[in-house]
Structure formats: C-alpha cells, structure tokens
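Reader: I have the sequence and the model open side by side. Could you walk me through how the protein meets its DNA?

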There are 2 protein chains.
Amino acid sequence: MISSLSSPEIGRRLIASLRQKGYKLTAQRRYIIAILSRDLTHPGAMDILSRVRKKAPQVSLSTVYYTLDILKKEGLIKELEFYDRDNRYDVNIENHINLICRKCGRIEDFPGELPYSYTQVQQKTDFQPMAMRYEYYGYCKDCRRKRAG
Amino acid sequence: MISSLSSPEIGRRLIASLRQKGYKLTAQRRYIIAILSRDLTHPGAMDILSRVRKKAPQVSLSTVYYTLDILKKEGLIKELEFYDRDNRYDVNIENHINLICRKCGRIEDFPGELPYSYTQVQQKTDFQPMAMRYEYYGYCKDCRRKRAG
DNA sequence: TTCCGTGCAAACCCTTTGCAAGAGT
DNA sequence: ACTCTTGCAAAGGGTTTGCACGGAA
C-alpha cells in the first residue's frame, strides 16, 4: 500500500518515474516533489510555490502547475478539484474518503472502506465509473475546539 | 421522501416556501422554479437561463444566480460545485450519490445507500461533518453506446 | 546543440458584486 | 410608497495559455 511508504521513499519513486519517462529533472521539480512527498495534508499550488520559493525565490507559478500537470498525467499524484478554493494535490493516489475542514481548509484522510466498487456501480446502473470522490465537509478537531472556546 | 413528489408538487412547494418566507414571486422566479422542478438532471445556471429566455428573453444571468442563491440559502435546493464546469442545481436536497458523465455532463442519481453517517464519521475521527458529496465520474449509458459504435 | 522547461503576463470562464432602474406587496 | 429584485457591466480568483529565453541531456 502506497500510504505505508515513507516520505523519502515516495519522493524517490516520483523522481525515478519521471526520469524513466524521459522528463528533465530540474531543481524546481525536485523541490516540488520533495514538498508533495513530505506534506500529506494535500497542499495547493500556491502553498507549494511559497515553500519552493524559500529555496528558490524566482520560481514561478506556471512552473508549479506545469510540474503538477506532468505528475497528474503520469498518474503519480491525484488532484482534488474545488470551485471555490484552490485545487489540492495528493501523492496518495488510491481512492479514499477525504475530510475537508471548512474553516482552516485542512484535508485529512478518513480511515474507512469505500462502498460500491466501480463494478458494483456499473452492474446496478449501466453507468461506467472511471473515478470517484467521497468527501465530508465540516470542522476538524482543532477548529471545533476554537469554535467552542 | 422528497424524490417521490411529482414536478408540479415540487414546484408548488418551492413557491409556497418562498411566499411564506416573504420573498417576492416575480415571473422570473416562477420560471426558474418550474425548470428546476421539472428537470431532475441537475441543470446549471446557463442551462436555466437559456430556457427561461424562451419565455422571457430579457432575463439576465444575475437574476438566475440571485434566485438560486435564495433557494440555496433557504435550503430548498442543493448546489453541486465544480471547478472545471458550471455548478449544478438539484431540488433533491437529500444526501445521495451522483453519477457524472464526463462526455455529456449529465448527472444522475445512484440508487444506493450511503455509508458512514455524520455520527459514525465523528465517532471514528473527531471530525464533525456538516455536508458530504459522493460522486462517480465516468460514462453514462448513452455515451458508452456512442463510444462503442 | 536541441528541445524541453521556465518565467512573465495576459487570457479564460464562471461566479460574484455594484449600482441605478423597475416591479411586487 | 418602500423595499426587494432585476439587468447591465465590471470585478474577482484560481487555472490555463502564448511566447521567448534559458538550461538539462
């Protein structure tokens, strides 16, 4: 299971994949991959940019998006899309349920099984699934504490 | 269960609710409500506008959004939000799983139970859910047929 | 040397907002 | 009449695109 890998392992796996597929491994890409591998709270493009700039101040947002596009296209990361906030990126590419805090924006994984496999859905409805999203919106532990206080 | 109501019944219920809450029942609003009540495939704002304009050509998009905002605020419809397509609106305000076609954009309801009630999620994680979305993305029956042919 | 990748800036698209004119109660 | 609603137009915000320079292989 991917989520059992350590951050350095995840990073190495992403770098090895890009190299194998013929992509150039620039310093910018290594920074971006390092951040994605370490931060499992699903950072957004601007989050990533800010942190990359601590190491390399001139990096642009297009570079971040360009790299994220490649990682997406190669199936190495998963994009969580939102209309009213920035998209978020996850090195855990397995289907899972996300818990999304409406106050601080934090996204955490829910440790539970998924109902209805793609096959079950298709047998029941004749709709052919190729992706899914299961999400709960609410308040995380920390924000609940602040609201109560 | 709401989804067992007929379109006219849904429309009357929405109109009665707005009247009771003191909102003005303009012709525009009646048209918008009629469309939402009849079209259970989750139309978007532009869809609604185009169809309202067949009856009242001068109606503006802001009016559509303004009316949808009121219906949302009063809990009479549910908004499905997408970052890469227009938001969609549903008179079925119960939590349910949606099947979203990547080709034609059609959204249909999945007839299945939901796992993990808000209470169960909170007991398991200390995260307090207030809303949820469960979706499968893929190809609907009609679009699969076209792709195969 | 050859492309691919980068950075800057502008375009995009749907949604939201500002404001004056118009309509329901 | 009084206020809410409407319609036009502009703003807003994250993502995408165009293009010339620069750097990895």
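Reader: Which helices each supply at least two residues of the surface near DNA strand D?

Author: Happy to help! This is a predicted model, in which local features need pLDDT of at least 70 and side-chain atom pairs count only at pLDDT 80 or more, while totals for chains, interfaces and linings use all residues. Residues are numbered from 1 along each chain as its sequence is written, chains are lettered from A and ligands numbered from 1 in the order in which they are written, and side-chain values use heavy atoms, with hydrogens and water left out. Helices are DSSP runs of H or I with at least four residues, and strands are E runs of at least two, numbered from the N terminus. Both chains take part here, and the elements are helix 4 of chain A with helix 2 (27-38) and helix 4 of chain B.

Reader: Which residues come nearest to DNA strand D?

Author: A residue counts as near if one of its heavy atoms lies within 4 Å of the strand. By class, that surface has 7 nonpolar, 8 polar and 4 charged residues (Ala, Val, Leu, Ile, Met, Phe, Trp, Tyr, Cys and Pro are nonpolar, Asp, Glu, Lys and Arg charged, and the others, Gly among them, polar). Of the 19 residues around DNA strand D, the nearest are Tyr65(A), Asn87(A), Thr26(B), Ser62(B) and Thr63(B).

Reader: How far is a polar backbone atom of Asn87(B) from a phosphate oxygen of DNA strand C?

Author: Asn87(B) is among the closest of the 19 residues that surround DNA strand C. Sugar and phosphate make up 74% of the atoms of that strand that come within 4 Å of the protein. A polar contact is a pair of N or O atoms within 3.5 Å (within protein, one must be able to donate a hydrogen and the other to accept it, and residues adjacent in sequence count only if both atoms are side-chain atoms). For Asn87(B), the distance to the phosphate oxygen is 2.7 Å.

Reader: Which part of DNA strand D is 3.4 Å from the side chain of Lys24(A)?

Author: On DNA strand C, an N or O atom in the Lys24(A) side chain is 3.1 Å from a sugar or linking oxygen. On DNA strand D, the partner is a base nitrogen.

Reader: Why is there no bond between the sulfurs of Cys140(A) and Cys101(A)?

Author: A disulfide is a pair of cysteine sulfur atoms within 2.5 Å, and the count over all chains is 0. Cys140(A) is buried (under 20% relative accessible area; over 50% is exposed, in between partly exposed; 1.4 Å probe, protein chains only), at 2%. Its closest cysteine sulfur, in Cys101(A), is too far for a bond, at 3.8 Å.
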